[in-house]
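These are my notebook entries on one structure. I looked up the ligand site, then the helix packing, then the backbone.

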Amino acid sequence: MGRVRALAGFGAQVYGARARFAWHGHVRRDPVALLQLGPGRSDPYPVYARIRATGPLVPTPLGNRASASHEVCAAVLRDRRFGVSDPDAPPGPGGLSFLEMDPPDHGRLRRLAAPAFTTARVASYRPLVEDTVHQLLDDAARQGSFDLVRTLAKPLPVAVITRLLGIPEEERGPLVRHGEVIAGGLDGVRSLRHARQLMSSSRELEEMLGRVFAARRAAPGEDVITALLAAEEAQVTPAELVPMCTLLLVAGFETTVNLVGNGVHALLGHPDQWALLRADPGRAAAVVEETLRYDSPVQRTVRLAHEDVEVAGTTIRRRQAVLTLLGGANRDPRVFADPDAFDLTRANPTDHLAFSAGPHYCLGAALARLEAAVAFAALAERFPALRPAGRRTRRPGRTLRGFATLPLSR
Ligand code: HEM
């Protein structure tokens, strides 16, 4: 059981054991079960509060543990006695990305990708990000009303990460669909049809990457893929490159889309905070941090105990999983005063766990922050009269939280 599979397992529980969840949720009012059911899906935050009130680590219906405590989530994510892979799985990566690997493979592969994502390197991408945002907003400006997701939130991260990786323009079209299919897999496989879609999207992405690898080997560029291909065989095997590039691509756009959408939604729902941003677009970085905390784009992740570990007075047995509810930890009143308020002037804006913590801390954090900050500042400057225009829809799923559509008029 790998990390993504373990995470999917928490979703698959709903489909595989729906009756058991319905029993726990509706009959026993078990808050962890409620999270998987209707109420927790549309608004998980009251459910997180109930989980936190139940205890720092609460049992799940299928015998694992879940936490919405900031202290416990941070401790588990940083504790090297927990990992993302099954401690009993045979060693060596097999088709997995480094998100799903433990030491030593995790560090070896992460170090190869890391130079492109340092804060200093990311700062040099600002002109690319600004040009992209303004071009996209030019399209929005030609329309009276527009869907924020389709017009800005989605195409921005896709354009940026494909440019950084060196994916040519003509290959970008189907990427958005493949990304959505693969990200949907985080919540478990829903049906045979879904399984087939997952397989065909993975295969098409692999074929596309194969074409890009061949092109870059023939004509190296300045991009991340060229740099990865130049690494010695001792550092990365050809079989490791496809899952790694898939991770960089999909992690790059399936999350940032939610940050931009959730941030604009929160701003328009809190006119006083929107006014603060309009008065000073320099506050865009504060909007980014408060959105990451208040309505986290990635709501949960999971760790597996690699030995028996004592956490908050409870023994987690080897191979038991802990569901770390990042979106709940980020509303923990012991860390954030008035946690349900959307407040750009917080004293400790960056104490959230929206990018996780420990060895798997998001590699793209600086890039995501830059893209979203440029987007929020540009919206406030160019469209000060922005307002909701019609029915918004949410993306399905409990791991990623964001909007499928967010219609606005300017
Ligand atoms: C708002 C946007 C984003 C959010 C909320 C986010 C969140 C996260 C989280 C929570 C994790 C860790 C999962 C865990 O601990 O199990 C993670 C890992 C990762 N993220 Fe992001 N991410 C975002 C944007 C990006 C971008 C733009 C990239 C660009 C490449 C990226 C690349 C990665 C990679 C490569 C990892 C794996 C790190 C590792 O396993 O060492 N992310 N992200």
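Entry 1, the iron. In which loop is the place of C362? I worked on a predicted model, and I found C362 in the loop between helix 19 (326–329) and helix 20 (365–382). I looked up this residue for its part at the metal: its SG atom, at 2.3 Å, is the only protein donor of the iron atom of the ligand.

Entry 2, the shell. I next asked how many residues surround the ligand. The count is 28, and the closest are H106, T301, S356, H360 and C362. I then sorted the shell by residue class and obtained 17 nonpolar, eight polar and three charged residues.

Entry 3, polar contacts of the ligand. I looked up the side chains with an N or O atom beside an oxygen atom of the ligand, and I note three of them here. For S356, a side-chain N or O atom is 2.6 Å from a ligand oxygen. For T301, a polar side-chain atom lies 2.7 Å from an oxygen atom of the ligand. For R303, the distance from a side-chain N or O atom to a ligand oxygen is 2.7 Å. I then listed the elements that give two or more residues to the shell: helix 7 (105–113), helix 15 (238–254), helix 16 (256–269) and strand 5 (301–305). Helix 15 supplies the largest share, four residues.

Entry 4, helix packing. I described each pair by two values, since two packed helices are characterised by the angle between their axes and the distance between the axes.

I began with helix 11 (residues 155–165) against helix 15, whose axes come within 8 Å and cross at roughly 155 degrees. An angle over 145 degrees counts as roughly antiparallel, and helices 11 and 15 are therefore roughly antiparallel to each other. I recorded their crossing as right-handed.

I then took helix 11 against helix 20. Their axes come within 11 Å and cross at roughly 135 degrees, and the two helices are therefore oblique to each other. The crossing of helix 11 and helix 20 is right-handed.

My last pair was helix 9 (residues 126–141) and helix 20. The axes come within 10 Å, with a crossing angle of roughly 40 degrees. That angle makes helix 9 oblique to helix 20. I noted a right-handed crossing for helix 9 and helix 20 as well.

Entry 5, backbone. I looked for exceptions to a general pattern: most residues other than glycine have a negative phi, and most peptide bonds are trans. Which peptide bond is cis, with omega near 0 degrees? I found this at the bond from P103 to P104. P104 is found in the loop between strand 3 (82–83) and helix 7. Where does A312 lie? I placed A312 in the loop between strand 6 (309–311) and strand 7 (314–316). I entered A312 for its phi near 50 degrees, a positive value in a residue other than glycine.

Definitions and conventions:
Residues numbered from 1 in each chain as written. Predicted model: local features only at pLDDT ≥ 70, side-chain atom pairs only at ≥ 80, totals over all residues. Heavy atoms only, no water. Near = heavy atom within 4 Å. Polar contact = N/O pair within 3.5 Å; in protein donor to acceptor, adjacent residues only side chain to side chain. Nonpolar A, V, L, I, M, F, W, Y, C, P; charged D, E, K, R; others polar. Donors = N, O, S within 2.8 Å, 3.2 Å for Na, K, Ca; no water. Axes fitted to C-alpha atoms, helices over the stretch in contact; angles between N-to-C directions. Parallel < 35°, antiparallel > 145°, perpendicular 65-115°, else oblique. Left-handed = near helix turned anticlockwise from the far one by under 90°.
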